[in-house]
Amino acid sequence: MGIDSSQSRVGKQSVEMYLVGGAVRDKLLGLPVKDRDWVVVGATVEDMLEMGFQPVPGVFPVFIHPQTGEEYALARRETKTGPGYHGFSVETGPDVTLEQDLARRDLTINAMAEDERGTIIDPFGGRKDLQRRLLRHVTPAFAEDPVRLLRIARFSARFSSLGFHVAHETHGVMKEMAAAGELAHLQGQRIWQEMARALMEAQPWRFFQVLHACGALGRLFPVLASALPDSPGDENPEEDGEPIAVLKRAVTGKASLALRFVCIMQYAVDAGHPASQLTAWLAVEKKTATLFENWLLARPLLLDLPKGNARAYRQYLQRFRHCLPQLGQLAQICMPHLAEQLSPLLEQARAAMLSVDVAELQEQGLQGRFLGEELRRRQEQAIASVLRGSGEN
Ligand code: CTP
């Protein structure tokens, strides 16, 4: 069945459908709209089913439009029932108004709707905040959802390049949320979801700076927070601190998500906060976790290589043979001066190592341990001649 109008009549009441959230915001900013979310006012669940919408299992009261596949949610109203994070209930029903639904949203720029004539409904000054480039919370209910701390940090990563910043009063609410330990309610996986999106935005370092400025980063990643200056040097990149400078280089180098994760999170670990614990808590993908651990092992070896002999080069190349290109990229980003010197040498040493012909040794009758030892000896010899040629050793 077709649902061809944003105003439908079901039974006696009139149902209204509005485009909401990020789609309205992005349209007003002149940005491409990716997902379109809709709010339905004046309808019941039965009305939605009668119109042919498909319920999304487990995500009440959200439905999928049978033709467009877009999400339509019944308008919701939040009512405070007690103190704290879970101290509110969400109601839905044909009497919930559009304004009540917009009031429960996080930021004013996300709390606008557009009707079918293209009229913007903006009860909280979202349009003005778009012009003023302000990320401002809608109501004190902002503080009831700790994910919103991460979301505003993520929106900063996305929109800072357009001049957006966190409103003063919102920063105050964020500080209170961080101090109250609101983030402790979140699972690592949820944190990673937001962080992963932030890392691929235009200025991912803003995500960490905004969380740091309100005190939340210290709760999440204390070691990383202690490596950042208290107030970021907006005008002076010299004052960014090493983790931010590295992340900026990762963005300039168009590094992948896995690489960006390693670039910043290498500063979040120490003996008390081991890498495996961090990646397990965040539930990052296995290959990212493996790259992270390999980088942390490779980093001190790379720093020592300029003093190292052919054996050290061979050991490095052998041990990390499965991820050499990625480690090379990380070295370029994290220790560019050293990488400039080391990368061509490592490449030549690897080629020299591979030029040793195992089959030839086997033909000479070498097997097992003897084959292994002779192979290693010849590989080291080949690498040594590369190092001598370069004047390294
Ligand atoms: N929203 C909220 N609080 C949350 C999550 C979502 O208030 N914790 C509201 C916001 O109004 C948001 C809308 O739900 O605009 C849709 O959420 P989502 O699709 O996650 O985000 P978008 O704002 O559309 O942003 P993005 O472009 O990143 O998808």
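## The largest pocket

In this predicted model, the largest pocket holds about 1200 Å³ of space. Its lining is made up of 37 residues, and the ones nearest its centre are Gly21, Gly22, Asp37, Arg105 and Arg151.

Which elements give two or more residues to that lining? On the helix side, look for H1 (22-28), H5 (147-159) and H7 (188-199). The strands to pick out are E3 (37-41), E6 (71-74), E7 (76-80) and E8 (88-92). Helix H5 gives the most, with six residues.

What about the mix of residue classes in the lining of the largest pocket? There are 20 charged residues, 13 nonpolar ones and four polar ones.

## Where the pocket sits

The chain splits into three pieces you can trace one after another: domain 1 covers 1-126, domain 2 covers 146-283, and domain 3 takes in 294-313 plus 326-390. Both domain 1 (1-126) and domain 2 (146-283) give residues to the lining of the largest pocket, so the pocket lies between these two.

And domain 3? Going by C-alpha atoms, its centre and the centre of domain 1 are 60 Å apart.

## Around the ligand

Now turn to the ligand, which has 14 residues around it. The closest of them are Asp106, Asp145, Arg154, Arg158 and Arg197.

A few contacts are worth finding on screen. Arg158 places a polar side-chain atom 2.6 Å from an oxygen atom of the ligand. For Arg25, a polar side-chain atom is 3.0 Å from a ligand oxygen atom. Asn110 makes its contact through the backbone: one of its N or O atoms there lies 3.0 Å from an oxygen atom of the ligand.

How much of the ligand's accessible area does the protein cover? On its own the ligand has 570 Å² of accessible area, and the protein covers 77% of that.

Definitions and conventions: Residues numbered from 1 in each chain as written. Predicted model: local features only at pLDDT ≥ 70, side-chain atom pairs only at ≥ 80, totals over all residues. Heavy atoms only, no water. 1 Å grid on protein atoms, 1.4 Å probe; cavity = no way out; pocket = protein on both sides within 12 Å on 5 of 7 lines; lining within 4 Å. Points joined across faces, edges and corners; volume = space filled by probe spheres on them. Helix = DSSP H or I, 4+ residues; strand = E, 2+ residues; numbered from the N terminus. Nonpolar A, V, L, I, M, F, W, Y, C, P; charged D, E, K, R; others polar. Domains from an automatic or database assignment. Near = heavy atom within 4 Å. Polar contact = N/O pair within 3.5 Å; in protein donor to acceptor, adjacent residues only side chain to side chain. Areas by Shrake-Rupley, 256 points an atom, 1.4 Å probe, with all protein chains shown as cover.
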